[in-house]
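Thanks for coming. I have one model to walk through today, starting at the ligand and moving outward. Please have a look at it before I begin.

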Amino acid sequence: MTPQELVMCALDAQKHAYAPYSGFRVGAALLTKSGRVYLGCNIENKSFSPTVCAERVALFKAVSEGETDFEAIAVVGCGRDGAYQPFCTPCGVCRQAFAEFCAPDFKIFFGDDALACEAHTLSELLPYAFSMGEPTG
Ligand code: THU
């Protein structure tokens, strides 16, 4: 699967975003090493703190189905005006959640509706992730 194809999956996932409070709709597509794709969207809540990011929805769907080997994730996001954010980057909490399951070379694509996909690795986005052992810088 190409990065652009994974961004297209993230755009599909974004269609289900539930974001009536922020108006910021996010979609994520998580590719396993076995080639399966898990989709996630952000799901907000009127009580705010139960809100879950698109990336963690995709990750937890996958883990809950027994998947723990991950290759890459594509993320897209846009506000109420429909303009895609050029760098829709996973929040810090999502980065730490990835660090639990993904290797430092796990790829993260910042996508948009033009199928741009700037690529980074987890270790670039989260150097020195919390771990109870050695630092993972
Ligand atoms: N959001 C995500 O889905 N992923 C992120 O990495 C950051 C933020 C969502 C949460 C909330 O529904 C909206 O974007 C605005 O913060």
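**The ligand and its surroundings**

Twelve names to begin with, and a residue is listed if one of its heavy atoms lies within 4 Å of the molecule. Around the ligand we find Ser 22, Phe 24, Val 26, Asn 42, Glu 44, Thr 51, Cys 53, Ala 54, Glu 55, Thr 89, Pro 90 and Cys 91.

Before the details, some housekeeping. This is a predicted model, where local features need pLDDT of at least 70 and side-chain atom pairs count only at pLDDT 80 or more, while totals for chains, interfaces and linings use all residues. Residues are numbered from 1 along each chain as its sequence is written, and side-chain values use heavy atoms, with hydrogens and water left out.

Now the polar contacts, meaning pairs of N or O atoms within 3.5 Å; within protein, one must be able to donate a hydrogen and the other to accept it, and residues adjacent in sequence count only if both atoms are side-chain atoms. Glu 44 places a polar side-chain atom 2.5 Å from a ligand oxygen. Glu 55 does so at 2.8 Å from a ligand nitrogen. Cys 91 uses a backbone N or O atom, 2.8 Å from an oxygen of the ligand. On its own the ligand exposes 380 Å², and the protein buries 78% of that; these areas come from the Shrake-Rupley method with a 1.4 Å probe, and for residues only the protein chains shown count as cover.

**A buried arginine**

Next, Arg 95, in helix α3, residues 92-101. Helices (H or I, at least four residues) and strands (E, at least two) are DSSP runs, numbered from the N terminus. What is the nearest side chain of opposite charge to Arg 95? It is Glu 55, 7.6 Å away, and Arg 95 is buried without a salt bridge. Buried means under 20% relative accessible area, exposed over 50%, and partly exposed in between, with a 1.4 Å probe and protein chains only. For charge, Lys and Arg count as positive and Asp and Glu as negative; His and the chain ends are not counted. Setting aside neighbours within four places in sequence, Arg 95 is in contact (heavy atoms within 4.5 Å) with Thr 89, Pro 90, Leu 122, Leu 125 and Leu 126.

**Salt bridges**

Side chains of opposite charge can pair when their charged atoms come close. The rule here is a side-chain nitrogen of Lys or Arg within 4 Å of a carboxyl oxygen of Asp or Glu, and the count comes to four.

Lys 15 pairs with Asp 12, with the closest N and O atoms 2.8 Å apart. Lys 15 is exposed, at 58% relative accessible area, and Asp 12 is partly exposed at 39%.

Glu 65 and Arg 36 form another, at 4.0 Å. Glu 65 sits in the loop between α2 (54-64) and β3 (70-78) and Arg 36 in the loop between β1 (25-32) and β2 (37-41), so this pair ties together parts 29 residues apart in sequence.

Glu 71 and Lys 107 meet at 3.1 Å, N to O. That links strand β3 to strand β4 (residues 107-111), with the two positions 36 residues apart. Through shared partners, Lys 33, Glu 71 and Lys 107 join into one network.

**Two positive phi values**

Finally, the backbone. Phe 48 is not a glycine, yet has a positive phi of about 65 degrees. Phe 48 lies in the loop between β2 and α2 and is exposed at 59%. Leu 115 also has a positive phi, near 65 degrees. Leu 115 is in the loop between β4 and β5 (117-121), and is partly exposed at 26%.
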